[in-house]
Amino acid sequence: MTETIGIWIAAFLTLCMFSFLYKDNPFYKFAEHLFVGVSMGYYIPYTFYNAFLPYAYEPLFLRKDYILIIPFIIGILYWFRFSSKFSWISRYPIAFSMGMVGMGVPMSMHATVLVQMRTMMLPLNNINIILIFIGTISILLYFFFSKAHEGVYGKFTSIGIWFMMVGFGASFGYTVMARISLLIGRIQFLLGDWLGFIK
Amino acid sequence: MKGATEVKICIKFSILLLTFTLLLAGTAFAKMQPNNEPVEGLRVEDVPHDDGGGLILSWKPLAKEKRIIEYRIYRGHTPDSLFYIGKIPVDAKTGVAADTMKYVDQGWTFFVDATSPAKLRHEKGQKKGSKGAEVLYRAVPRDIKVYGPLMDEYRILSVIPNNEYLYKSKMKIFTEVDTLEDATVDTTTEFMAGMKLEQVKYILTKLTTGKTYYYAIQALNMNRSVSPLSEIVSGKTTDDPPEKLGNFYAVALRDLEQMQFEWTLPVFTSDQQQFNIYLYDEYGDRHLIFTRQDAYPYTPQTNAIVPYDSIAANFEAFNPANMEWYTFNIGEMDRQDQETLALDEPIPAEITTSSILPEPPIHFTVKDEPNDKGDQLQVFFGYPFYGLSKLTYNNDFTKLTVNYFINDNSMYEVDRLILTINGTTKTEYVLDYKVAFRVDWDYLKPMEIIGTFICKKKGQEPLPEDYHITHTFIFNTKQEMVLIDSPPQQQMEEMKKYYYQIYKTNRLSDVYRYAKELSYFEREYIDKISYEENQYRGRPKFSLEDKRLYYSTYLSIVNYKDKYPFYTQALYLEQLRHQDNELRDEITKLKGELEKATDDEERTEIQRNIDFYTDYLEDKPEVVQKANQLKSNKARMKMLYKAHCTNARSFKYYIRKTDGKGHFIDTPVYTTPDGTQYLFPIQNWFNTNEIITLVAVLIFAGLVYFMIKAARKGKRLYIRPIAGIQEIDNAIGRATEMGRPILFVPGLSGISDVATLAGLAILSRVAKKAAEYDTRILVPVRDFIVLPIAQEIVKEAHYEAGRPDTYDKNSVFFITQAQFAFVSGVNGIMIREKTATNFYMGMFWAESLLMTETGSMTGAIQIAGTDAVNQLPFFITTCDYTLIGEELYAASAYLSKQPLILGTLKAQDYMKLLIVITVIIGTILSSVHLTFFMNWFPVK
Amino acid sequence: MKFSESMQKLDRRYIYIVLAIAVILPLVFPIGFKTYSTTPVEDLYRHIDAIAGRDDMAIIMDFTHDPGVMPELYPMDLAILRHCFERNIKVFTISFLPQGAAIIQLALSEVKEDYPDIEANIDYCNFGFKPWGLKLPIMLGMGDDIAKAVETNSEGLKLENLPIMQDIKNYDNIQVVVEISGSSMGQFWVTYARAKFGVDVAVGLTAVMAADVYPLLQTGQFIGSLGGLKGAAEYEQLVDIFAMNGQEFSKKKARNMKWVEQAYKNIPEKARLYKYNKARIGMDAQAIVHVLIILFIILGNIGYFLEQREQKKKYMK
Amino acid sequence: MKRQIPMMIVLILGLLFVAHVFIPSKLSADYLDWFMKWTKVIGPFAIVLGVFSLVLVHYNKIKRKAPNWGYSIVTLAALVITTAVGFIWGIQEGTPYMWIFKNFNVPLGATMFSLLAFYIASAAYKAFRARSIEATVLLVAAIIVMLGRVSIGQAITHWIPDITEWILNVPNLAAKRGIALGVGLGMTATSLKIMLGIERSYLGGKD
């Protein structure tokens, strides 16, 4: 019983969402607002049970790990947002959570720059590798901001643009299938689970 | 007027819909399925061959229609109080197809810790008055009044963080006085470490042997309504004799004058106490020739070497010449001394010489792993190996693609692999696990791939000239697939026959434990020696007054002169003194007896005890002596604990190469050139693999520094025009003309994502412009932490533009966390607020197109910028302008002409140039097979 | 309004309608396009088929996926199981997620309906759900002795006593491990089971993940892979045209469409059931929509060019 | 006080993290653990900001009787009900909370996601214009790959799948790499800017 009702509700909401394709209408507005409310309502208990209790409450109050009172307070500082006078205090927790960026400096240098460089240094022993090489270099130069794209240099960078465009085209074409699968999934739900046309 | 009616309608409408859905939901839950059948056929049986600590439950699952989502299991030592111990989740839709369900209550399960519920609570759901309602309890609470007594009914294992146990415990002395028959009073005092429950990490339980436990089950359905309690069934744990050992082999080596035995372990080993190997002589009499006591920590043993003379020691009449008369068998004994023989009929030994044994592995070495946090040792041996993972051919069998893999070690690190298939030779300079051969292959005949290696020169002795590994493969016409190493080719046969067992022992124990088994093609094993965090102690005493648990107090220090393995020390100085005094008293007492004693045997006996005690008193490890001089308890423990850690974490190793049939050979225990056997993992303070990263970062930082300096000096820094960025102003202008708001989405990711920060940087410029033009800007946000930041930015922008009055703090608002709910919200805004210009700057995922298409429906000008490569295509096609990848980061610099930021952008540019040059050089080098340069760069 | 203009200004809703129809119709009335099998799928099929009828070899299927990705992965589960039952290939099923265990049950029961003479613990054995924590111990342990590492099957029976285990000891008797998951679980099998014991590993993944495993296929660490609905559809077809017709696999035949057509004609009824064609039906829709979108692109551009010409004309005047 | 201290925090923590990357020792591992432990405590508090903002926006709408304010009631009601349900009956499998999640969140989300299929189609018709050579290149590539992904492409000519594969493995790879390299640098630079306080917009106001 609960399930059937569930399916009916789900189907109804699905249709509300699809109705947006026709035009913005009360049904969509309703679904949209409902969605926003419900999804946020989902996160509040979720965060409470899966983040606040295990990481903040239990260690501090049950395991008596009193040092954690400090981050606890830092966390509360966020709420100074609400006072127009002391809102600057909320920068402290923000700053703390920003600390991580330090890691970004060497890590992105390592993971995205150096590793990519190595993969580019493969011996040019077949046409594809050569093409990839040229492509990558030209794209890199396309992102070189200190020189206007004119003359030979401009020509070369435009090769880069070509490569990028092919790449974009490719990944566009590639994603289509995955997206259609989603639609198929929804329609199977409507026709199968709900109306039972397809078994 | 019209507006008003509209409003009315939409209110009515939405209220209506809401109530409608709520009603549905309500009824959905009002209509609970009856879950009125108890679980039937619950049976509790003893687990065979176990250590008497296991029971196995089985029951009939309820019908699929019942829509059960979990079966909850309750256990107790009396039928009138059962505690929740665990559940088996089930998928309601599919149900359980099998006709019985099982739950094995064996091994250590969670009992209680500081986060357990505060009070003892009855499990709810059972009908009032029904049996279940009275006897069912939720998990064991952290109330010592409840769990304290319960601990006596189970085996207990407590896990205690070191520093709590060693430094923060509260000493307490328990004295027991009991009068013996001869009216002499015997007082035993025990020192114990008191801990509060929250100091203990957690406590585990296991069933005790020969005790009856009671179980019951209730099933939860989709609406979490519980079934009536199943009948409460009891089961008694019994300790049965251990399981038979498998395939027992006996080998007698004439020339080495020793016997080698090998066997395989049964499934359940945790109850093994010792292995006994028996020899049956010509009269069928049984002689115990080898026993191996269980070692702590328990270490399964699968083979043993027994020298002839040690056999002779147990069996005088032993004569190697008559070896063929003797037969052998092995027994496994558990802690209750119940023994099971492996074979019904003892077997004769395979009599042979050491020539049958394999070659021992060469270059067996143990080294500290570099660049670790001090918790790894590398154990390695032998020459490199390459294997074939896959062979694929083209249809006319002229092109063969070989996928290979390489196993090497840090001594012989493979630099190049040279493969030869009938005549054609290919050298792999870059080991990418893939080579293509042009071979004319008569696919009906088997083929051979011969591989040789060139290793990195590191001062080790070079590989033997003739060292090579050959694989054969044939094409199986029936299956149209290539079979590797078939027909079995002699060399591979040989290799595949043997595997390697690594044995190790630390400075506390006297027995080698079995660390790892390596297959025939493995050449290296990284032994993880993790930092010790906890102490493990058995059942504590507990006192209800001060709500503490009291644990026995000792810390194992060292395996002292092999005389005292696991030589332990008391936790408290007071305790230490007390112990010593007791010993002294004992000695004096014994000395007295020695006077009186007349019988020689008795005297020697007493003398031995005296010597033993005195020796124990005087001869102590020096670290212990040093520590015991210290006055403060804490300092003493620190010193002892340090010793404990060093000893517990330094190991010595040897490798046994075996075929599992008694033909095995050991390497000698590895000894470093400077003669030490024990290796201790050292923690490193610089990760040498990251040198290149460090260099790169430094160069970059340097560039930034100089560029900024230049910029400060007012040096004009040229930046080429970037279409998307220039358009930003016009886009804002357009919105102003049309008198419609601007929408700015700073990505869907949090601030941990650099793209978001770049987006926010752009926001600050856009907001400023908007403020100047006095145009409304709407900033929907998905991340809580981005919210305050964005608000600050917009507010600040208004101040800078000198229009603080126009700042509306609702212009930056949070929609929701859920990705698609957020998008639906944004779409709604676009349509209803009729935004004229939409900015998307930051990190986006699949939702990108959802927003941009809606945007183009409303005919807004759209400018996007992201570094999410997979989303760029959608932006490029649907937006008017798109900042691709790095342009997003450049944008903020471009908009704010601040020298600092411009400088960094410039530095970025020159870095790019540097990269291009480096890459070109590297490529040229590698193309002429000089791979050293590219090998400086990290693979991943 | 000029034709070209109207083409340019064409209301999106028409596009939506056409698309919706293009998706719905094939789902309701299957067309039955023939799929063209690709190498990774053929490799897996062939690899499994190679041990048809052998008692000393088996395959392991690891269902580490939850109902969420069933639309894409469940057809694979069915296709492979059906292949094994039809060609009596021994199968072990295992999952490290409780939901996965449920899916195993479902898949097994659905396929068994059509193979009454296939018996549990003789022709196949369901190891059932094993806790995530035991993942590595089991993966490694099976290299030495499967019965020991897994201990009991889903009904709690000791493996070593089961008839199916008579000739099967460890990875040497495992032809391939097929990991079907929406995650990168396949990597685990490669890094532990394959690297150590050299057992072959193949994967079935969602379309989104498919691109990521490409390099591992290149290096031969995966001997085959099924990517999303497409991979499933290809496998379904291979099973139909070879296994269901009692044929040995042949790459040439598989690639020869005439032969495939022929093979389709004489497959038994039970292969025509909806559940065994799910993926292919899905792919019909996919194919049509893909073509449709291409048509849209072309039409859109035609309109665009016409308009361009109009404007040029205007300037001429 | 208002700006310097936060910037100091960022700088110090940042430098420590830079060090952490190069120092494998136990100490630096413990530093990471410490930071994670603390951020895990701090994190949950931020949710209040979001909730507050959400409620405020809709509350104002209702108060100001802004157009469509009726729907704001829906949002708030849904928010309150779901949250309440979650706290009253808990969030395990089988509770009303999970039921709402399964029958409201999941279908709504999935449908929103599946709208993409339609948008791809309309984008194909409306946005894929051969305005320039580059644009043409893009859409040709797209068409080929799309064909290559389905059986029809194969049916036309067996080249198409091969070309598709080539496009995916050669130009596509080059494009991804080139962009990734640039992005990598951009990220490094931005991280550096923030750490050194060059880019401080995240702190907002000057005061």
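In chain B of this predicted model, 4 strands (DSSP runs of E of at least two residues, numbered from the N terminus) form an open sheet in the order β18-β15-β14-β22, with mixed pairing; two strands are taken to pair if DSSP finds at least two bridges between them. The edges are occupied by β18 (303-307) and β22 (350-352) of chain B, each of which has a single partner strand, so one side of each lacks a neighbour in the sheet. From one strand to the next, the twist averages 20°, with axes fitted as lines to C-alpha atoms and angles running from 0 to 180 degrees between N-to-C directions. Strands β14 (residues 246-253) and β15 (residues 258-264) of chain B run antiparallel and are joined by 6 bridges. Within β15(B), B:Gln258 is the bridge partner of B:Leu253.

Residues are numbered from 1 along each chain as its sequence is written, and chains are lettered from A in the order in which they are written. Local features need pLDDT of at least 70 and side-chain atom pairs count only at pLDDT 80 or more, whereas totals for chains, interfaces and linings use all residues.

Between chains A and D, 96 residues of chain A are in contact with 100 residues of chain D, contact requiring C-beta atoms, placed from the backbone, within 7 Å. Elements giving two or more residues to the chain A side include the helices α2 (26-62) and α7 (151-194), helices being DSSP runs of H or I of at least four residues.

Chain C is divided into domain 1 (3-27 + 283-316) and domain 2 (33-276), with bounds from an automatic or database domain assignment. Their centres, taken over C-alpha atoms, are separated by 42 Å.

Notes. Two residues are in contact if their C-beta atoms, placed from the backbone, lie within 7 Å.
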